[in-house]
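Thank you all for coming; I would like to take a few minutes to walk through a structure that may be new to most of you. Please have the sequence and the model open while I speak, and stop me wherever something is unclear.

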Amino acid sequence: MTMDTNDLIRTLAADNDTHERSVGHLLLAALVLAVPVSTALFLTGLGVRSDVMTAVRNPMFDLKFAVTLALAAGAIVISLHLSRPEASLGRWAWLLAVPVGLLGIGMAGEMTMMPHRAPMSVRMMGSNSRLCLVAIPMLSLPLLAAALIALRRGAPSRPAVTGAFAGLLSAGLAATLYAAHCTDDSPMFVATWYSIAAAIVAAIGALAGSRVLRF
């Protein structure tokens, strides 16, 4: 008895969907275990900024979390997509336009609503740039390790690219923690230094993924 072509396609699609859900569940479980580790590192090494109750009334402070969580969410979706065999990045990369767009709106709003603040160069440099470049990658490491272990359950045909997005999702979650400590709330600071820190983690993820995720 032969299988109809359409039945074969439906069977393969169902297998792919089941496999992706399995990887997704494993990734969720891995991150649930890793987040407390990164949180403990954050609380012992940095801690929440002292004026956080006042800061939450500043929309620029709140925007930092919207941007970092949007980056993490988009990178998670892309990583799961890339964990399938022969998956290509394609239009999925447009998910990264969400955090970029939020930053653009924030920078435009800052220039419109607060024209008399410190010069643009001062806001961009801030006072925590060096700490940002160290803290976000360090807080990302437990998350990145967990993400790579989970994504090994898949069969990515582009291990370095998949690893890079694992790095971005880890950086997004780590930056969410760091944002609670950082006193530089300007979207220009976030666009510059958070982005550089995320790029560092993405590069680490690409290097690690090219080895860990290779089949």
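**One threonine, then the whole chain**

Let me begin with T68, whose place is in helix α3, the helix that runs over residues 59–82. I should say at once that what you see is a predicted model, and that the values I quote are computed from it.

Is T68 buried or exposed? Its relative accessible area is 4%, and because the limit for a buried residue is under 20%, T68 counts as buried. If we then ask what its side chain meets there, we find a polar contact of 2.8 Å that joins the side chain of T68 to that of T176. T176 also appears in the wider list, for once the neighbours within four places in sequence are left aside, T68 is in contact with G172, A175, T176 and Y194.

Y194 takes us on to the largest nonpolar core, which has 46 residues, and in which C132, I136, L168, Y178 and Y194 touch the most other members. The elements that give two or more residues to this core are α1 (5–45), α3, α6 (129–151), α7 (159–179) and α8 (187–212), and among these α6 gives the most, with 11 residues.

Let me stay for a moment with L168, another of those core residues. Again leaving aside the neighbours within four places in sequence, L168 is in contact with L71, A75, L96, A198 and A202.

Two of those names, L71 and A198, return when we turn to the largest pocket, which has a volume of about 250 Å³. Of the 16 residues that line this pocket, V67, L71, P99, S195 and A198 are the closest to its centre, and the elements that give two or more residues to the lining are α3, α4 (97–113), α7 and α8. What kinds of residue make up the lining of the largest pocket? They divide into 13 nonpolar and 3 polar, with no charged residue.

Finally, let us step back to the chain, whose secondary structure comes to 8 helices and 0 strands, so that, given how these elements are numbered from the N terminus, the pattern read along the sequence is α-α-α-α-α-α-α-α. Of its 215 residues, 43% count as buried. As for the contacts with a separation of 6 or more, 85% of them are accounted for by residues 24 or more positions apart.

Terms used. Residues are numbered from 1 along each chain as its sequence is written. This is a predicted model: local features need pLDDT of at least 70, side-chain atom pairs count only at pLDDT 80 or more; totals for chains, interfaces and linings use all residues. Side-chain values use heavy atoms; hydrogens and water are left out. Helices (H or I, at least four residues) and strands (E, at least two) are DSSP runs, numbered from the N terminus. Buried means under 20% relative accessible area, exposed over 50%, partly exposed in between (1.4 Å probe, protein chains only). A polar contact is a pair of N or O atoms within 3.5 Å; within protein, one must be able to donate a hydrogen and the other to accept it, and residues adjacent in sequence count only if both atoms are side-chain atoms. Contact means heavy atoms within 4.5 Å. A nonpolar core is a set of buried Ala, Val, Leu, Ile, Met, Phe, Trp, Tyr and Cys residues joined through side-chain atoms within 4.5 Å. On a 1 Å grid over the protein atoms alone, a cavity is a set of points where a 1.4 Å probe fits but cannot get out, and a pocket is an open set with protein on both sides within 12 Å along at least five of seven lines; lining residues have an atom within 4 Å of a point. Grid points are joined across faces, edges and corners, and a volume is the space filled by probe spheres set on the points. Ala, Val, Leu, Ile, Met, Phe, Trp, Tyr, Cys and Pro count as nonpolar, Asp, Glu, Lys and Arg as charged, and the others, Gly among them, as polar.
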